Amino acid sequence: MFLNKKRSFLLAALSLSLAASLFYCIFTKPKDKPIPVDEVFSQAPWSKPLPILPPLAGVGEVRAENCGRCHVEIYAEWKTSTHANALSDLQFQSELSKSSSPRWLCLNCHTPVANQRETLVNYLNNGDYRTPIEEPNPDFDPKMKAEGVTCAVCHVRLDEQGNSYVLGANGKTKPPHPVKIIPDKLKNRCLDCHNANYVLDDQLVCAFKTGNELEQSGNSHGKLACGSCHMGELQRKLVKPELNTPIRTSHKHSFIGGGVPKKFELYEKQILGGYRTGLKINPIQWKQKGNDLEYSVSLTNEKAAHNIPTGDPERFILLKISVLDSKGKSLATKVIKFGQEWEWYPKARLVADTRILPGETKVWKDLFVGIKKDQSKIVFEIYHTRLKESNAEHMRKNSENVSSDDLRKKISKIENHYPFSSIVHKEDIDLNSGKSRVYSPEELFRISKNRRGE
Ligand code: HEC
Ligand code: HEC
Ligand code: HEC
Ligand code: HEC
Ligand code: HEC
């Protein structure tokens, strides 16, 4: 009995505590707890925008537009850059309009100064990036918002008194605005955004490793910063001529990358901005067995101190080789693709990586065995793709969710407004004479400008 009694007591106690916990669950949901962003992301540089930057002495509001009043050429170059288009980018706008997109986080790299933000996020509910606590920003500057990765992102910081100053790398200049010269800080700023590896959850992964790739390229390229190649050196005045400053060593601010600009009209600026492909098609070795020709082709990552392609995981390169008859009709085609291959569901995972490492040469042997000399031509083409048709199709379908009329129209006909890819090399070889014709970059960009879609 004793035992029984004890058991029943235990049972009663158990059912009471069960009821209590049920009661607790139903009536007192765990309270939402705001956790500071800095705690959740251990102060990753992209987890918050730069603080509010007050007007700069001698300049005024820290908008690019204002810097451009004196730094006329640099401003004009920057205006054509992908950085200046980082917010207006149609692909970005399309992704931002998805209900699942963590907008506040995306904007930290695409509009990275607090002045550019309608709302600011300092806390996350329960530390979850999907439930940011947005607070209105009284210092919001809509003009500066449109500037995307604007001058101040790299050049303006706060001193101990909370005043804005310009971060520079030259030091011999006497500007009308305050400057501090810290060359490494300025030059390494790129890495905060272009070398961000972070797994937010199963589907949201940030995998930009361009900085690591550069580091791993080791001594073969010496000590290089991103700007050594992406901000070509030139001699000029840093400001408009009326200010009577001497000619100095300056740097192009077009930030040219893979040769696929954000708008068709920007194709014209690629060569001017310093574009060059990093790839070299090496002498096409060919054997001859009687009347039969055999082709091999090799590609070298000659000019990029990081993988090709780098950056966005969806970028890829296509090497297309075609054999044509005398009328230009294609007899055979071979397409080789290299880039990263990701699986997004159920869990984001890199499944293959066929990118070309700095200095690496990939060889494809015996591409076409038994080509006849009288078969006219063999054509080698290289395409750099940023947006593939299947993703563009998603964008068109989802365009209804985009709130602005203008953007919705553009995204629904994305192929007319946004270059998907560019042709970055073309070479024809006459099989009879062995003579080759290599297309100039000017010709290639003209072709690219007239392509639409894939
Ligand atoms: C009123 C004209 C004016 C405006 C506006 C202006 N600057 Fe300058 N800036 C100058 C002059 C003049 C120099 C010195 C040029 C020289 O001596 O060759 C200079 C130099 C610089 C330098 C080089 C400093 C060094 O020694 O490394 C940087 C960087 C710079 N400015 C950035 C900016 C940025 C960013 C803005 C906008 C927030 C801006 N400037 C707005 C006139 C201006
Ligand atoms: C850590 C900084 C960072 C964050 C956070 C970030 N981006 Fe980006 N984004 C970049 C950089 C750097 C590039 C350029 C990469 C390149 O050109 O290959 C880029 C490029 C893009 C592009 C253009 C891709 C292309 O191939 O043209 C899109 C679209 C984009 N981001 C969307 C987003 C969205 C959506 C989010 C939020 C989920 C986001 N980004 C968050 C840094 C960031
Ligand atoms: C605050 C974040 C941020 C910083 C800092 C930054 N970038 Fe970027 N960069 C971006 C974003 C975002 C894009 C892509 C915008 C898009 O595609 O919509 C981009 C695009 C580029 C591209 C264009 C690639 C292409 O093919 O069009 C190059 C090149 C580039 N950045 C180089 C640099 C260099 C060099 C530095 C440092 C001097 C730098 N970036 C600093 C965010 C940043
Ligand atoms: C993505 C980062 C980035 C952005 C955006 C950017 N700059 Fe620069 N800028 C640099 C770097 C890095 C250097 C130093 C290059 C070096 O010395 O190797 C530099 C150098 C300069 C200089 C010194 C002279 C020279 O050409 O080297 C001036 C002036 C300048 N920038 C003005 C501007 C202005 C004005 C804007 C906006 C229109 C702007 N920058 C946007 C990164 C940036
Ligand atoms: C030794 C020169 C060199 C250095 C250093 C360099 N790049 Fe590049 N980068 C290139 C070349 C060349 C291309 C064009 C590659 C191609 O053919 O697509 C390129 C392309 C890019 C692209 C466009 C994507 C692509 O694959 O074309 C981005 C983004 C980029 N670079 C960012 C960076 C960043 C960030 C750094 C610093 C960590 C950096 N680069 C350092 C030469 C360089």
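Okay, let's start at Thr80, which sits in the loop between helix 4, residues 72-79, and helix 5, residues 90-96. Keep in mind as we go that this is a predicted model. So, is Thr80 buried or exposed? Its relative accessible area is 18%, and because the cut-off for buried is under 20%, Thr80 counts as buried. Its side chain has a polar partner too: a polar atom there lies 2.7 Å from the backbone oxygen of Glu77. And if you leave aside the neighbours within four places in sequence, Thr80 is in contact with Asn85, Ser254, Leu266 and Lys269.

Now hop over to Ser250, in strand 10, which covers residues 248-251. Ser250 has a relative accessibility of 3%, so this one counts as buried. What does the side chain of Ser250 make a polar contact with? That would be the side chain of Arg236, at 2.9 Å. Arg236 also turns up among the residues that Ser250 touches, along with Ile74, Gly232, Glu233, Leu234 and Leu238; again, residues up to four places away in sequence are not counted.

For a contrast, have a look at Asn170. You'll find Asn170 in the loop between strand 5 (164-168) and strand 6 (179-181). Here the relative accessibility is 35%, and that is why Asn170 goes down as partly exposed. Its side chain reaches the backbone nitrogen of Lys172, at 2.9 Å. Which residues does Asn170 touch, once those up to four places away in sequence are set aside? They are Ile181, Arg248 and Thr249. Take Ile181: along the chain, Asn170 and Ile181 are 11 residues apart, and their C-alpha atoms are separated by 6.8 Å.

Right, on to the strands. Strand 2, residues 119-125, and strand 3, residues 132-136, run antiparallel, and 5 bridges join them. If you want a spot to check on your screen, find Thr119 and look across to strand 3: standing opposite is Pro136. The two strands form a hairpin with 6 residues between them. Where is the positive phi in that turn? At Asn126, with a value of about 55°.

Let's finish with the ligands. Ligand 2 has an iron atom, and how many donors does that iron get from the protein? A single one: the NE2 atom of His110, 2.3 Å away. His110 itself belongs to helix 6, which spans residues 103-110.

Then there's ligand 3, with 22 residues around it. The ones that come nearest are His83, Asp89, Cys190, Cys193 and His194. Two of those histidines are worth clicking on. The side chain of His83 has an N or O atom 2.8 Å from a nitrogen atom of ligand 3. For His194, a side-chain N or O atom is also 2.8 Å from a nitrogen of that ligand. Arg315 joins in as well, with a polar side-chain atom 3.0 Å from an oxygen atom of ligand 3. Which elements give two or more residues to this shell? Helix 6, helix 10 (191-194) and helix 12 (226-230). And by class, the shell around ligand 3 has 10 nonpolar, 7 polar and 5 charged residues.

Note on methods: Residues are numbered from 1 along each chain as its sequence is written. Chains are lettered from A and ligands numbered from 1 in the order in which they are written. This is a predicted model: local features need pLDDT of at least 70, side-chain atom pairs count only at pLDDT 80 or more; totals for chains, interfaces and linings use all residues. Side-chain values use heavy atoms; hydrogens and water are left out. Donors are N, O and S atoms within 2.8 Å of the metal (3.2 Å for Na, K and Ca); water is not among the atoms, so sites may look incomplete. Helices (H or I, at least four residues) and strands (E, at least two) are DSSP runs, numbered from the N terminus. Two strands pair if DSSP finds at least two bridges between them. A residue is near a molecule or strand if one of its heavy atoms lies within 4 Å of it. A polar contact is a pair of N or O atoms within 3.5 Å; within protein, one must be able to donate a hydrogen and the other to accept it, and residues adjacent in sequence count only if both atoms are side-chain atoms. Ala, Val, Leu, Ile, Met, Phe, Trp, Tyr, Cys and Pro count as nonpolar, Asp, Glu, Lys and Arg as charged, and the others, Gly among them, as polar. Buried means under 20% relative accessible area, exposed over 50%, partly exposed in between (1.4 Å probe, protein chains only). Contact means heavy atoms within 4.5 Å.
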